[in-house]
Amino acid sequence: MMTPRTVRWLLVAALCSTSLARAETAAPTSGFRAEFLGYLEGTEKKLLDLAGAFPDEKYSWRPAEGIRSVGESLMHIAAANYFLAGAVGAPVPEGLKPQELQKSVTEKQDVIEALKKSLAHVRQAALNVSDEDGDKAVKLFGQDSTYRAVFLVMLGHISEHLGQSIAYARMNGVVPPWSAGGGEGGG
């Protein structure tokens, strides 16, 4: 049986290890990664807000035969997030098959959850490297590239498909939440 003193020490140790783990991946406040993470946060919020605004039944809507549906487009973003994060040293989580996400994850809540996890994976990939790692050489799509370029491609890809999702939303009478009040922000 543990004494109250032992329990207290175990709690202190747990709190300290949690604080240390958090400190190791603390978000940078300046430099490339800080800028990347800032833009990612804003884009992520819009993407997830818009994904939530689509009615469940519209997740299978597609503008034409052979074009990705709403849900498939969002899962395409998730799959690419895992693929691109792998290029900067963040392996795909055990048991996850990104190439199957577009066809296997179709229900609204599952799509949103999978998208959130992929975006968290991208965020963690940025936290796990240093700004100095930005110049590290890597092959991307068979071309010489750098870690920094991979992060730019990630953000560009997510933004491109956010734009696609905005178009899909407008075609379905869904107003992007950030522009619903007639305020600024586009979309």
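How much accessible surface does the protein have, and what share of it belongs to carbon and sulfur atoms? The accessible surface comes to about 10,800 Å², and 57% of that belongs to carbon and sulfur atoms. Bear in mind as you click around that this is a predicted model.

**Whole chain first**

Colour by secondary structure: you should find 6 helices and 2 strands. Following the sequence, the pattern reads α-α-α-α-α-β-β-α. The protein has 187 residues, and 40% of them count as buried. Now for contacts between residues at least 6 apart in sequence: 70% of these join residues at least 24 apart.

**Stop one: helix H2**

Select residues 32–53, which make up helix H2. Try a quick distance check between the end C-alpha atoms. At 1.5 Å a residue, the 22 residues should span 32 Å, and the ends are indeed 32 Å apart, so the two agree.

Next, show side chains along H2. The buried ones include Phe36, Leu37, Leu40, Leu47, Leu48 and Leu50. Don't expect just nonpolar names, though: Arg33, Thr43 and Glu44 are also buried in H2. While you look down the helix, remember that an α-helix has 3.6 residues a turn, so residues three or four places apart point the same way.

What do the buried residues of H2 pack against? Bring up helix H3 (70–87), helix H5 (108–127) and H6, and you have the packing partners.

**Stop two: just past H6**

Helix H6 covers 147–171, and Asn172 lies in the segment after it. Is Asn172 buried or exposed? It counts as buried, because its relative accessibility is 17%, and the cut-off for buried is under 20%. Select Lys58 as well: a polar contact of 3.1 Å joins the side chains of Lys58 and Asn172. Add Trp61 to the selection too, since leaving aside neighbours within four places in sequence, Asn172 is in contact with Lys58 and Trp61.

**Stop three: the loop between the strands**

Zoom to Phe141, in the loop between strand E1 (137–140) and strand E2 (143–146). Phe141 is exposed, with a relative accessible area of 61%. Check the backbone here: Phe141 has a positive phi of about 55 degrees, although it is not a glycine. Most residues other than glycine have a negative phi.

Finally, switch on a surface and select Phe83 and Val153 along with Phe141. Together, Phe83, Phe141 and Val153 make a nonpolar surface patch of about 320 Å².

How values were computed. Residues numbered from 1 in each chain as written. Predicted model: local features only at pLDDT ≥ 70, side-chain atom pairs only at ≥ 80, totals over all residues. Heavy atoms only, no water. Patch = residues over 30% accessible without salt bridge, like charges linked within 9 Å, V, L, I, M, F, W, Y side chains within 5 Å. Areas by Shrake-Rupley, 256 points an atom, 1.4 Å probe, with all protein chains shown as cover. Salt bridge = Lys/Arg side-chain N within 4 Å of Asp/Glu carboxyl O. Helix = DSSP H or I, 4+ residues; strand = E, 2+ residues; numbered from the N terminus. Buried < 20%, exposed > 50% of the residue type's maximum accessible area, 1.4 Å probe, protein only. Contact = heavy atoms within 4.5 Å. Polar contact = N/O pair within 3.5 Å; in protein donor to acceptor, adjacent residues only side chain to side chain. Expected span 1.5 Å × (residues − 1).
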